[in-house]
Amino acid sequence: MYMRNIIALLVLVIGIANSEILRLRQCNKYDAEFSKIKYNHRLVGATITELGLLSLRKCLTRCMYHTTCHSVNYMRSNERCELVGDSAEQNSTRMTTFEQRQGWNHIETNFYRKTIGEWCMANDPCPAIKQCRDICDGTHECADFFNAGSLIPFIQDASQSSTLTHYIAMKAFDGNELTFSHTSSGNLPPWIRVTFTQRVFIYFIEFVNRLPTNQNWGNRNDHTDLKTILYEGTQSTETLFGNTGVLGVRKHFTCWKYADALLAIQLTGNRLNIGEIWMYGYAKP
Ligand SMILES: *[C@@H]1O[C@H](CO)[C@@H](O)[C@H](O)[C@H]1NC(C)=O
C-alpha cells in the first residue's frame, strides 16, 4: 500500500494523474482522494485560508485534516496553497466560480469519502440514523450526523406526474405514513418531486410503502430511481443516489448530497403509491 501511495504521488507530481489518495499515517488508511484536477484555474468564492510555502502534498494534507475543506487551489511555482470550503461539483455555497489563472491548479476531494473514510465507504454496519466514520483503533464508529433533522420544515411544494382523485403528492411528505400519494394511470413514467424552500443537505431518506403492504399495491413503488436535483440558473442537474429495488414495507437510502429538490421516478412500473418519504439532513445556514 505504501508503494502505491508513493507511485500515486509521483504520478501526481509529474502532472498527468487525475486522482490522488493520501494516507493518514497514524491510521494506516487511505482517507482522502483528490481528483478532478483543473489546470490553470482557481476556484474562487469560498476560500478558507491561504498558506504559503507548502508542497502540494502538505497542501492536500492540510485540506484532508480541515473539517470543511472540499478542494484546494495550488500554485506550484511559489508553493502557494489555498484551502477552499466548497467544490465545483457540489457548489453548495453557490458562490464559487472558476477563474482562469496561469500556474494555478484546482484539485477536488471526494468530500463524502474524506468525511467518513475508506472503510466506511465500503461497509456500513451502522443503523440508518447514525453515520459510519473510520477510526484508527479498530475500524469504525457509528456517530450522530452533524446537525441532522427532519427536512419537512423546508418543504416548499410537492408534485407528481398525475394524481388519482385527492391523493396528492404532498401526502408522501406530510409526516404521516398512513396517508399516501397516488398517481393515476396517465402520463408515464410516474414520478413524484418535492422542492425545498432553500438548498438542503440530505444525509438519508426513508422510503415507506403504502401501508399495509400485503395488498395488491404492495409492489407499486418497486424499482424506483431516487435522485437529487440542483438548480443553477436555468440549468438543473439530477444525481441518482438510490433505487428502491423490491421495497417491502420501508427502506433507508444514504444520499449525502445537496439538493434543491428530490425526485423519485419509476421507469419500469405504471404508478407510484407512497406512504411517506422521510428526509433527514440540514438546511444551509
Ligand atoms: C455555482 O453556482 C453559481 C450560482 O448558481 C453559478 O453562477 C456558478 O457558476 C457555479 N459555480 C460553478 C463552479 O459551477
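Let me start with a proline: Pro-212 is found in the loop that lies between β11 and β12, and the peptide bond leading into it from Leu-211 is cis, with omega near -15°. I should say at once that what we are looking at is a predicted model, and I will keep to what can be read from it. There is another cis bond to mention alongside that one, from Leu-188 to Pro-189, where omega is near 0°; Pro-189 has its place in the loop between β10, residues 155-160, and β11.

Now the overall picture. The chain has 285 residues, of which 33% count as buried, and its secondary structure comes to four helices and 15 strands. If we take the contacts between residues at least 6 apart in sequence, 63% of them join residues that are at least 24 apart.

Let me turn to the interior. The largest nonpolar core has 33 residues, and the ones that touch the most other members are Ala-172, Ile-192, Ile-202, Ile-205, Ile-277 and Met-279. Three elements give two or more residues to this core, namely β11 (191-209), β14 (250-266) and β15 (274-283), and of these it is β11 that gives the most, with 12 residues. Ile-277 is a useful residue to click on here, as it is in contact with Ala-172, Phe-173, Ile-205, Phe-207 and Ala-264, once its neighbours within four places in sequence are left aside. Apart from this, there is a second, separate core of 15 residues, which includes Leu-56, Cys-63, Tyr-74 and Val-84.

Staying for a moment with β15, that strand also holds Trp-278. Is Trp-278 buried or exposed? It counts as buried, because it has 20 C-beta neighbours inside 10 Å, and 20 is the number at which a residue begins to be called buried. Leaving aside neighbours within four places in sequence, Trp-278 is in contact with Ser-150, Ile-205 and Glu-206. Trp-278 and Asn-176 are 102 residues apart in sequence, while their C-alpha atoms are 9.5 Å apart in space.

Next, helix α2, residues 56-65, whose buried residues are Leu-56, Cys-59, Leu-60 and Cys-63. Why do these four sit on the same side of α2? They cover an arc of only 95° around the axis, and that puts them on the same side of the helix. The spacing fits a general rule, since an α-helix has 3.6 residues a turn, so residues three or four places apart point the same way.

Just before α2 comes the loop from β3 (47-51), and in that loop we find Leu-53, which has a positive phi of about 50° although it is not a glycine. Leu-53 is exposed, with 9 other C-beta atoms within 10 Å.

A related case is Glu-79, in the loop between β4 (71-75) and β5 (80-84). Within this hairpin, which has four residues between the strands, Glu-79 takes a positive phi near 50°, and Glu-79 is partly exposed, with 15 other C-beta atoms within 10 Å. The two strands of the hairpin pair in the antiparallel sense over five bridges, and Met-75 has Arg-80 as its bridge partner in β5. Strand β4 is also joined by five bridges to β6, residues 97-109, again running antiparallel, with Tyr-74 standing opposite Asn-105 in β6. As for cover, β4 has four of its five residues buried.

A further hairpin is made by β12 (residues 224-232) and β13 (residues 235-243), which pair in the antiparallel sense over eight bridges; there, Asp-225 has Asn-243 as its bridge partner in β13. Two residues lie between these strands, and Gly-233 takes a positive phi near 60°.

That glycine brings me to the ligand, and to the last thing I want to show. Which residues are around the ligand? They are Ala-88, Asn-91, Arg-94, Thr-96, Thr-97, Phe-98, Glu-232 and Gly-233, so that Gly-233 of the hairpin between β12 and β13 appears in this list as well. Sorted by class, the shell is made of two nonpolar, four polar and two charged residues.

Definitions and conventions. Residues numbered from 1 in each chain as written. Predicted model: local features only at pLDDT ≥ 70, side-chain atom pairs only at ≥ 80, totals over all residues. Pairing = 2+ DSSP bridges. Core = buried A, V, L, I, M, F, W, Y, C linked by C-beta atoms within 7 Å. Buried ≥ 20, exposed ≤ 12 C-beta atoms within 10 Å, placed from the backbone. Contact = placed C-beta atoms within 7 Å. Near = placed C-beta within 6 Å. Nonpolar A, V, L, I, M, F, W, Y, C, P; charged D, E, K, R; others polar. Arc of directions from axis to C-beta.
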